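Subject: Structure for you to look at

Hi there,

Here is the structure I promised to pass on. Please open it next to your notes, and read on below for what turned up.

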Amino acid sequence: QVQLVESGGGLVQPRGSLRLSCAASGSIFSIYAMGWARQAPGKQRELVASITSGGTTTYARSVKGRFTISRDNAKNTLYLQMNNLKPEDTAVYYCRAISTDYWGQGTQVTVSS
């Protein structure tokens, strides 16, 4: 069993930055590919960034060049650095272990002036 807890969301102005964290319980965090997904009101949940156990990253086109996903296996923690935020980035952000049913509870990110 893996438990995931996100933190770091909040209200930020356009062109601002936020860093999300996802703390994972259990000692097997390092073997999973991990990802960040988001869901805006009225829209489907979408995967915006992922990172393999070896550190290979992929990004959705909408966030490429602005978001950076990283992981610290020693701390069992996943991160998402979000720069140059736009109003359309407003959503609930979830971390997940790829190809499993392990999801966090989500953290709200609101980009507004």
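Below is a short tour, from the overall fold to the cysteines.

Please keep in mind that this is a predicted model. The chain has 10 strands and 0 helices, so you will see β elements following one another from the N terminus on.

As for overall dimensions, the C-alpha trace spans about 40 × 25 × 20 Å along its principal axes. The radius of gyration is 13 Å, which agrees with the value near 13 Å that a compact globule of 113 residues would have. Buried residues account for 42% of the 113 residues. Of the contacts with a separation of 6 or more, 53% are between residues 24 or more positions apart.

On the outside, the chain exposes about 6,100 Å², and carbon and sulfur atoms supply 46% of that area. There are 12 positive and 6 negative charges, and the mean positions of the two sets lie 6 Å apart.

Now for the part you may like best at the bench. The count comes to 1 disulfide, formed by C22 and C95 with their sulfur atoms 2.0 Å apart. This pair links distant parts of the chain: C22 belongs to strand β3 (residues 18-24) and C95 to strand β9 (residues 91-97), with the two positions 73 residues apart in numbering. The link is right-handed, with 45° about the S-S bond. Both C22 and C95 are buried.

Happy browsing, and best wishes!

Definitions and conventions:
Residues numbered from 1 in each chain as written. Predicted model: local features only at pLDDT ≥ 70, side-chain atom pairs only at ≥ 80, totals over all residues. Heavy atoms only, no water. Helix = DSSP H or I, 4+ residues; strand = E, 2+ residues; numbered from the N terminus. Rg over C-alpha atoms; globule rule 2.2 N^0.38 Å. Buried < 20%, exposed > 50% of the residue type's maximum accessible area, 1.4 Å probe, protein only. Contact = heavy atoms within 4.5 Å. Areas by Shrake-Rupley, 256 points an atom, 1.4 Å probe, with all protein chains shown as cover. Lys, Arg positive; Asp, Glu negative; His and termini not counted. Charge placed at Lys NZ, Arg CZ, Asp CG, Glu CD. Disulfide = S-S within 2.5 Å.
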